[in-house]
Amino acid sequence: MKTYLFSPGPVMVEEPVRQSLMHYDICHRSPEFEELFVGIQDKILRLFEADDSYYSVVVSGSGTSANETCLSTVFKDGDEALLLNNGEFGNRLFEILSKYHVPTTNMEFGWGNLPNLDEVENVLCNNDKITFVCMVFHETSTGMINPVYEVGKLAKKYGKRLFVDCVSAAAGEHIDVVKNNIDLCTSVGGKCLGAYPGSAYICGKEELMASLTPEMGKNVYLNLAKHYQMAKKNHQTPNTPNVNLFWPLDKALDMVMEEGLSHYIDRHAACAKILRDGMKEMGLKFLLPEEQMSNTVTSVFLPEGKNVAQFVAEMGDAGYTVYPGKGKYLEMNMFQVANMGAIDSKDCKKFLEVLKAHI
Ligand SMILES: Cc1ncc(COP(=O)(O)O)c(C=O)c1O
């Protein structure tokens, strides 16, 4: 049975993206692959609204693999990180930094709370060893958009680099790496872009990537220096990539570019509004004020007395995948509705009808 994925990845893909999987097989050490790869690199830069001081690479793996590729490579001995953490995916960045033994000031603001920028500035101006500020653009566990622009300004003021996990934000929000002063960021095909999971990508300042050496990397495969050097020299990836997923990644990027990035983002924002207006009409309460919400994830509480696990199962039986809340929000009967990828306004209206029947 076709299930409508109103969950934050994997997402439903447009038919041309699915069809592109049928492409004949090619070798990753061939001119045809190199041409495909270079085209994708260019489109990734456009997705992040980058200028020509940026460079991009593709990592065959999930969003975490892109984050791990960056965070296991960019720190030298003695360097430290400042992490702004307000949810599950902030925690995930902390797990990665800890695993690679990067001394980290983990500023926990609490799930659903915006970072306190005065406190952030206070840490930045008192710690010379911090080389990178790390944060999540769209904290998917709550649906909150973090203040990347403001943090970018602070990072610049204090001469720090900025790493941003844009896994659930790219193609759903304007990332604008130049305006936001982002040095390095990540995402993956199987979220807002509407491609498949397993095709992660990284965009960053080229001077930063060029300054890295393979020896700085604490991981053999997830090594940003190796990915950069191989891409730059040979237009290839260091290891055998998921070649077949490069076609749908390319097709999804093409479709966004043909539609226009702003139009694509606005269309998703309009779908979120349909969903939110409908849920408000049903009397459901949101976790966040609407101005803090992303264009693609809505965190919402079930009415008193309903069981979230049972509700999620019932929605699944009706053909709609939604997510139970994470962390403490699960106990508070929260669930999440996402409108990433190939979901249109008609789908959203149908979703609301089904939701109404199950709350
Ligand atoms: C903000 C954010 N970062 C990282 C991840 C991890 O991505 P993956 O599950 O593809 O490794 C996710 C997954 O939803 C996410 O939303």
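**Exercise 1: The ligand's surroundings**

Task: Sort the shell around the ligand by residue class, then find which elements give two or more residues to the shell.

Solution: Start with the classes. The shell around the ligand holds five nonpolar, six polar and two charged residues. Keep in mind as you look around that this is a predicted model. Next, check the head count: 13 residues surround the ligand. Look for the closest ones and you'll land on S62, G63, T64, T140 and V167. Last step, the elements: helix 3 (63-71) and helix 4 (88-99) are the ones that give two or more residues to this shell.

**Exercise 2: A four-strand sheet**

Task: Work out the strand order of the open sheet that contains strand 15, and say which strands sit at its edges.

Solution: Go through the sheet strand by strand. Its four strands come in the order 11-12-15-14, and the pairing is antiparallel. Now look for strands that pair on one side only: those are strand 11 (285-286) and strand 14, so you can call them the edge strands by that definition.

Then zoom in on the neighbours of strand 15. On one side, strand 12 (residues 297-301) pairs with strand 15 in the antiparallel sense, over five bridges. There you can spot V297 standing opposite A338 of strand 15. Strand 14 (residues 323-324) also runs antiparallel to strand 15, and two bridges join them. Pick out the partners: Y323 bridges to Q336, and P324 bridges to F335.

**Exercise 3: Covered or open?**

Task: Are the residues of strand 15 buried or exposed, and what about each face?

Solution: Take the whole strand first. Strand 15 covers residues 334-338, and five of its five residues are buried. To count as buried, a residue needs 20 or more other C-beta atoms within 10 Å of its own. Now split the strand by face. One side carries M334, Q336 and A338, the other carries F335 and V337, and all of them are buried. Both faces of strand 15 are covered, then.

**Exercise 4: The seven-strand sheet and its helices**

Task: Describe the order and edges of the seven-strand sheet, then find what helix 5 and helix 6 touch.

Solution: Begin with the order, which is 2-10-9-8-5-3-4; this open sheet has mixed pairing. Its edge strands are strand 2 (54-60) and strand 4 (104-108), each pairing on one side only. How are neighbours turned? On average by 20° against each other, direction ignored.

Follow one edge inward: strand 2 runs antiparallel to strand 10 (residues 199-205), with seven bridges joining them. Among the partners, Y55 matches G204 in strand 10.

Now add the helices. Helix 5 (residues 117-125) lies across strand 3 (80-85), strand 4 and strand 5 (130-136), and it runs at about 170° to strand 4. Helix 6 (residues 148-157) packs on the sheet too, touching strand 3, strand 5 and strand 8 (161-165). The direction of helix 6 makes about 155° with that of strand 8.

**Exercise 5: Where two domains meet**

Task: Locate the two domains and describe the side of domain 1 that touches domain 2.

Solution: First, the bounds. The domain assignment gives domain 1 (4-10 + 261-358) and domain 2 (16-258). Their centres, taken over C-alpha atoms, are 26 Å apart. The contact takes 23 residues from domain 1 and 22 from domain 2.

Next, the suppliers on the domain 1 side: helix 10 (261-281) and strand 12 each bring at least two residues. Helix 10 has the largest share, with four residues. Finally, sort that side by class, and you get 11 nonpolar, 11 polar and one charged.

How values were computed: Residues numbered from 1 in each chain as written. Predicted model: local features only at pLDDT ≥ 70, side-chain atom pairs only at ≥ 80, totals over all residues. Buried ≥ 20, exposed ≤ 12 C-beta atoms within 10 Å, placed from the backbone. Near = placed C-beta within 6 Å. Nonpolar A, V, L, I, M, F, W, Y, C, P; charged D, E, K, R; others polar. Domains from an automatic or database assignment. Contact = placed C-beta atoms within 7 Å. Axes fitted to C-alpha atoms, helices over the stretch in contact; angles between N-to-C directions.
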